[in-house]
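This report goes through the structure shown below, element by element. Please keep the sequence at hand while reading.

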Amino acid sequence: MLDELLAVTLTARLPGLDRSTAEQLVKATHEVCPNSNATRVNIEVSLKATVR
């Protein structure tokens, strides 16, 4: 049986930032986002930041 039935990748495009800053910002935002908090135990989320 699958542990996770739903998974999502959230991609944020942050042109002008360096990759490290962009990744830190996306991670921090995900931690305080009400939608992320509401679905944290039900949906596996992968984060991706692009800077181009």
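Does Asn35 count as buried or exposed? The model is a predicted one, and in it Asn35 has a relative accessibility of 59%. Because exposed means over 50%, Asn35 counts as exposed.

## Asn35 and helix α2

Asn35 belongs to helix α2, which covers residues 34-39. In sequence, 16 residues separate Asn35 from Val51, and their C-alpha atoms lie 24 Å apart in space.

## Helix α1

Helix α1 runs over residues 19-32, a stretch of 14 residues. At 1.5 Å a residue it should span 20 Å, and the distance between its end C-alpha atoms is 20 Å, so the two values agree. At the start of α1, the backbone nitrogen of Ser20 has a side-chain oxygen of Asp18 within 3.3 Å.

Which residues of α1 are buried? They are Ala22, Val26 and His30. Viewed down the axis of α1, the buried residues fall within an arc of 65°, and therefore they line one face of the helix. The cover over these buried residues includes β1, α2 and β2. On the face of α1 turned away from the buried side are the exposed residues Gln24, Lys27 and Val32.

## Strands β1 and β2

Strand β1 (residues 7-13) pairs with strand β2 (residues 44-50) in the parallel sense, over 7 bridges. Within this pairing, Thr11 of β1 stands opposite Lys48 in β2.

How many of the 7 residues of β1 are buried? The number is 0, so the strand lies largely in the open. β1 is nevertheless among the elements that cover the buried residues of α1.

## Leu10

Leu10 sits in strand β1. Its relative accessibility is 39%. Buried would require a value under 20% and exposed a value over 50%, so Leu10 counts as partly exposed.

Neighbours within four places in sequence aside, Leu10 is in contact with His30, Val45, Ser46, Leu47 and Lys48. Of these partners, His30 is one of the buried residues of α1, and Lys48 is the residue of β2 that stands opposite Thr11. Between Leu10 and Ser20 there is a separation of 10 residues in sequence and 17 Å in space, C-alpha to C-alpha. Ser20 is also the residue whose backbone nitrogen is approached by Asp18 at the start of α1.

Conventions:
Residues numbered from 1 in each chain as written. Predicted model: local features only at pLDDT ≥ 70, side-chain atom pairs only at ≥ 80, totals over all residues. Heavy atoms only, no water. Buried < 20%, exposed > 50% of the residue type's maximum accessible area, 1.4 Å probe, protein only. Helix = DSSP H or I, 4+ residues; strand = E, 2+ residues; numbered from the N terminus. Pairing = 2+ DSSP bridges. Expected span 1.5 Å × (residues − 1). Arc of directions from axis to C-beta. Contact = heavy atoms within 4.5 Å. Polar contact = N/O pair within 3.5 Å; in protein donor to acceptor, adjacent residues only side chain to side chain.
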